[in-house]
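Here is a set of questions to work through with the sequence and the model open side by side.

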Amino acid sequence: YQHIVRFQSFGHTHNEEFYITRSIKNPEPIGWSFVAGSGTSEDTRNPSFTVIEYDKEFMVPVNIETYYMDLEKANSGQDPEWKVLHDFKNEYSLRDLSPSSMLDLAQRMSTDPELASQYLWNQKRQAGPKPQAN
C-alpha cells in the first residue's frame, strides 16, 4: 500500500521524533512517520504544537513547523509566548520531506555529532541546556 499510505503523523508523545518505513523487498525508504511533541510539558520539556504543510495534489508533507513555549520564562512572571522552534527543511538542511531525504537526515545524524545534538535538543523543544555533541 505504499502508493496509498505515504506519510503518517501521530501526537501526544513527549518527544518530537520521526521513523523511516522501508520496503520489505529492499532497503529503499518508502515512507516515514512523524510524532509531534505534546502540548503538555510532562517533566522538563517545553510544550509544543506542530503545523504540517501538505502538497494539495499528492497529500504529502512539504514542511513542518514546530512552535513551543519556554516554560522557564513563563514561570518567571513573563507572559507566555509561543515561538517558532524550527521548520524541518531549514533546521535540518532538507531539500524536501521525501522518504529518501528523511533517511539521509537519519544517516547524517549518525556521522554529524552537532546535528545529532541539535535534534536531541529539539526533541524536548530546547528545554534545558543543549546536549553535548560527542
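The questions below concern a predicted model, and each answer ends on what was asked for.

Q: How many salt bridges does a search of the whole structure find?
A: Side chains of opposite charge can pair when their charged atoms come close. In this predicted model, the pairs include Asp-96 with Arg-95 and Asp-104 with Arg-108. Glu-114 with Lys-130 is also one of the pairs. The search of the whole structure gives a total of three.

Q: How far apart are the closest N and O atoms of Asp-104 and Arg-108?
A: Both residues sit in helix α3. They are four residues apart, about one turn of the helix. Their side chains form a salt bridge, with the closest N and O atoms separated by 3.0 Å.

Q: Is Arg-108 buried, partly exposed or exposed?
A: The buried class ends at 20% relative accessible area, and the exposed class begins over 50%. Arg-108 has 23% relative accessibility, so Arg-108 is partly exposed. Its partner Asp-104, at 35%, likewise counts as partly exposed. The class asked for, that of Arg-108, is partly exposed.

Q: Which residue forms a salt bridge with Glu-114?
A: Glu-114 lies in helix α4 (residues 113-123), and its partner is in the segment after α4, so the pair ties together parts that are 16 residues apart in sequence. The closest N and O atoms of the two are 2.6 Å apart. Glu-114 is partly exposed at 44% relative accessible area, and the partner counts as partly exposed at 27%. That partner is Lys-130.

Q: Is Arg-95 buried, partly exposed or exposed?
A: Arg-95 meets Asp-96 in a salt bridge of 3.7 Å, N to O. Asp-96 has 27% relative accessibility and counts as partly exposed. For Arg-95 the value is 62%, and the exposed class begins over 50%, so Arg-95 is exposed.

Q: What is the relative accessibility of Arg-125?
A: Most residues other than glycine have a negative phi. Arg-125 has a positive phi of about 55 degrees although it is not a glycine. This residue is placed in the segment after α4. Arg-125 counts as buried, with a relative accessibility of 0%.

Q: Where is Gln-126 found?
A: Gln-126 has a positive phi near 55 degrees, in a residue other than glycine. With a relative accessible area of 22%, Gln-126 is partly exposed. Its location is the segment after α4.

Q: What is the accessible area of Phe-49, Val-51 and Trp-82 together?
A: Val-51 belongs to strand β4 (residues 48-54) and is partly exposed at 39% relative accessibility. A patch takes residues with over 30% relative accessible area, so Val-51 passes that cut-off. With Phe-49 and Trp-82, Val-51 forms a nonpolar patch on the surface. Together the three have an accessible area of about 260 Å².

Q: What is the volume of the largest pocket, and which elements give two or more residues to its lining?
A: The largest pocket has a volume of about 180 Å³. Of the 12 residues that line the largest pocket, the closest to its centre are Arg-6, Val-60, Leu-97, Ser-98 and Pro-99. By class, the lining has eight nonpolar, two polar and two charged residues. The elements that give two or more residues to the lining are β3 (29-37) and β5 (61-69).

Q: How far apart are the C-alpha atoms of Met-102 and Ile-64?
A: Met-102 is placed in helix α3 (residues 99-111). With a relative accessible area of 0%, Met-102 is buried. Met-102 and Ile-64 are 38 residues apart along the chain, and their C-alpha atoms are separated by 13 Å.

Q: What is the C-alpha to C-alpha separation of Tyr-54 and Pro-129?
A: Tyr-54 is in strand β4 and counts as partly exposed at 35% relative accessibility. Tyr-54 and Pro-129 are 75 residues apart in sequence. In space, C-alpha to C-alpha, they are separated by 33 Å.

Notes
Residues numbered from 1 in each chain as written. Predicted model: local features only at pLDDT ≥ 70, side-chain atom pairs only at ≥ 80, totals over all residues. Heavy atoms only, no water. Patch = residues over 30% accessible without salt bridge, like charges linked within 9 Å, V, L, I, M, F, W, Y side chains within 5 Å. Areas by Shrake-Rupley, 256 points an atom, 1.4 Å probe, with all protein chains shown as cover. Salt bridge = Lys/Arg side-chain N within 4 Å of Asp/Glu carboxyl O. Buried < 20%, exposed > 50% of the residue type's maximum accessible area, 1.4 Å probe, protein only. 1 Å grid on protein atoms, 1.4 Å probe; cavity = no way out; pocket = protein on both sides within 12 Å on 5 of 7 lines; lining within 4 Å. Points joined across faces, edges and corners; volume = space filled by probe spheres on them. Nonpolar A, V, L, I, M, F, W, Y, C, P; charged D, E, K, R; others polar.
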